[in-house]
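Here are some short exercises to try with the coordinates open beside you. Have a go at each task before reading its solution.

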Amino acid sequence: MLKDKLHESLPSSNSTSFCKDNVKENRKDAAPQSVTQSLPSEYGETLMVVMARDPFWMFSYWEIANDKRDEFKKRFGDNVWFNSQLTLRVYDITDVEFNGSNAHSSFDVPINNHTDNWYINVNQANRDYILELGIKIHDGTFVPIVRSNMVMMPRYGVSPYTDEQWGVLEIEFERILKLSGIDRIGKSSEVARGLIERWKYLMDVNNKSLSSIGISSWSRREKLEDQLPQGPVTDFWLIADTELVVHGKTEPDAEVTVAGINVKLNPDGTFSARISLTEGQHEVPVVAHSPHKRMTRQVVFKVDRKTVK
Amino acid sequence: MYPKGKEKGYWCLVLHAHLPFVRHPEYEDFLEEDWLYEAITETYLPFVDIFDRLLEENIDYRVTLSISPPLMNMLTDELLMSRYLKKLDKLVELTEKELVRTKFLPEFQDTVKMYHENLQRYRSIFRDKYGCNILTAFKKFQDAGKIEVITCCATHGFLPLATQKQSVKAQVFFACDTYERHFGRRPRGMWLSECAYVPGVDEVLVSEGIRFFFLEAHGVLYATPRPKYGVFAPVFTPSGAAVFARDIESAQQVWSAEIGYPGDVDYREFYRDVGYDLEYDYIKSYLHNDGVRRNVGLKYFRVSGKVPLSKKEPYNPAWAREKAASHAGNFMFNREKQIEHLASIMDRKPIVVSPYDAELYGHWWFEGPMFLEYLFRKMYHDQGNVLPVTPIEYLKDNPANQIVQPAASSWGDKGYFEVWLNGTNDWIYRHLHAAQRRMVEVAELFNDTTEHLQVRVLNQMVRELLLAESSDWPFIMATGTMVEYANKRITDHLVRFNELYYNLKNDRINTKFLEDLEWKDNIFPNADYKKYTRKKV
């Protein structure tokens, strides 16, 4: 019986192994990728989980398994899942062992029947909660389907309690709190954003450009195609040009001209010059004079530019 | 020289080094592995370089360095390290070509020379001095008493959002186990992933022998009862672990985009990279196989101010170095003033705790490691009020601390769990929790199995579950960059987990599938499914 059930929920084996041709050759015998590439939409269990997001918000998700749905159909009729209002009941169970009826208070959140998760806001800080998911039937009665775990919301604000051994004057404590940065808590701090920025920097390293959404090795093929021009190309064109770079080295205190133009030397006597190179024959003399022109050295480059289109 | 006992207070620098486990043996060339390679070149090796130099010159320093287990696994992985060495060789080769190309471009010469010298030095540190295993370097600094290496949750799992206690325990257990394999003793401290804490986590830490951890400021400020010294003294949890809270003032000096040091005009501009700037044919062989232009790691321009990338001015290594030295002086001055002031209003010596992401230094802020080196030199030579310490040293001198219950918190945006639980990523928890329940279920069910193949499947399920639990995936989803990769990773690990689960329960183990996963997802060689049983962990 159990085995049959498991067979039903076994992942299908129509595999789509990604980028197969990119897989390394030396593992020919490996990788039977007989795995479905997606996660199940449900796990066949009726359950509800609640988690704290911050002191005032919690998140809950749930699953109602088929047997539970059938049970409710039997109890309340075939249309129960259409006719009744799905409802979250939020119990404040701070400091009590919850037995279903001893909560300090509770409130209901009506939700739409097509969702399987919800964010819930609470107004009071520093409380503990348990949720129930249920339906409200025609006469308004709440019929629970499933109960959640207990969630303790994160403490908010400075504790009113002081311990004797570590007692402190209010005014001194306030000073320490201020120096500890109490005013900056909870504000979307630059520090936290810095963390996110750091990741973005890391990620960007792999981006083809700074603004694009990241591409990964897994997706590079498609993304490269994205880079190709879209639509018919009408006006194709090309422009190209060339120039001449002359470089060399001489005594640091020499004077150098390239094609008659004075060139500034680096402290170690190196120099370089860029010269535009028009069509035809050119002679580029490089001349170095020692101080007071006592000595002269010359190198001449003969260059012929011929552009063919 | 620190006149011990004369100090007015303490400063504790904490660097948290972490990258998600990214290792794709099935590809010859994989982009996301660059995260690791870049961090090694720009952060981890520069750290080794400065720690070694300070050690040799007898300049006392203290750093508490958290190295996450995925990072430990990657830094000792043969495949990744041999790929890294090849990358580094290529980069050194590029700087050699660049020396020739820029021979007559004086504005870039010093920068190119700097890269060439640095990279050659880093290569010799990595390959020759430490035999391609950086962890042995950090072990050496730890054994010398200069740094305290701690670790982080097994795969940087976000503990407050796990529903099974066994999963929290496993995140802590496999972290300590990994640490012990590489450092020869149990870790004494832990960096909780994203400083994310809920009451109860501390008990798990204590049960593994952890003596201290860190929280965001309000984790301690909102504690019950109120903490007498705010963030300037540690507190003990009811279970007995010491908690050090983050100081916001020193954090902002380095972190802040507006007032922080890294944005200085003389510092290196991250985005202007030769991978984009140089002629395509010339740079092509240094890009990835797909030939798309990306950063290669050589950057020749400085921040220059708020100008477009094309208007950036050439980097000047001497100016940047001078700036790093002056910022180090400024940071030290501010700590001295801060500690003097605190000491005047407190009836004990204050401690200022400054935790940062390690990769901030070097990778993001290129001059960061240099800044730290100057800082430790200056602190050692030029003052005596502030004593750099590790948490253990502090606790030894100050064993009596207030006992409080810290508040649930994280160091993420808004201070709680929203970055890891919002509309972009909340869908993952249904699946993660199901896998966590299934792991406990099969750990119980096969607790007594002696069949080797079943044990292998169970242990591989542990690896897949842990990899899926990494807080990096929901974080990446929340940032909106590279979401595709994060989605795929978490889905892949959970799908693999589920397949193994059905294989096991239906008694149809697919050996080839198992072998393939053992080859790909080889993190935690000591993975042991029995840690998930209810009875004992």
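Buried means under 20% relative accessible area, exposed over 50%, and partly exposed in between, with a 1.4 Å probe and protein chains only. The model is predicted, so local features need pLDDT of at least 70 and side-chain atom pairs count only at pLDDT 80 or more, while totals for chains, interfaces and linings use all residues. Residues are numbered from 1 along each chain as its sequence is written, chains are lettered from A and ligands numbered from 1 in the order in which they are written, and side-chain values use heavy atoms, leaving out hydrogens and water.

**Exercise 1.** Find what share of the residues of chain B count as buried.

*Solution.* Start from the 537 residues of chain B. Apply the cut-off: 70% of them count as buried.

**Exercise 2.** Identify the residues with the most contacts inside the largest nonpolar core.

*Solution.* First, collect buried Ala, Val, Leu, Ile, Met, Phe, Trp, Tyr and Cys residues joined through side-chain atoms within 4.5 Å; such a set is a nonpolar core. The largest one has 213 residues. Next, rank by contacts: B:Leu15, B:Leu36, B:Phe138 and B:Tyr361 come out on top.

**Exercise 3.** List some residues that B:Tyr361 touches.

*Solution.* Take contact as heavy atoms within 4.5 Å. Then skip residues up to four places away in sequence; the partners include B:Leu15, B:Phe47, B:Val254 and B:Phe371.

**Exercise 4.** Work out how far apart the centres of the positive and negative side chains of chain B lie.

*Solution.* Count Lys and Arg as positive, Asp and Glu as negative, without His and the chain ends. Place each charge at NZ of Lys, CZ of Arg, CG of Asp or CD of Glu. With 68 positive and 75 negative side chains, the centres lie 3 Å apart.
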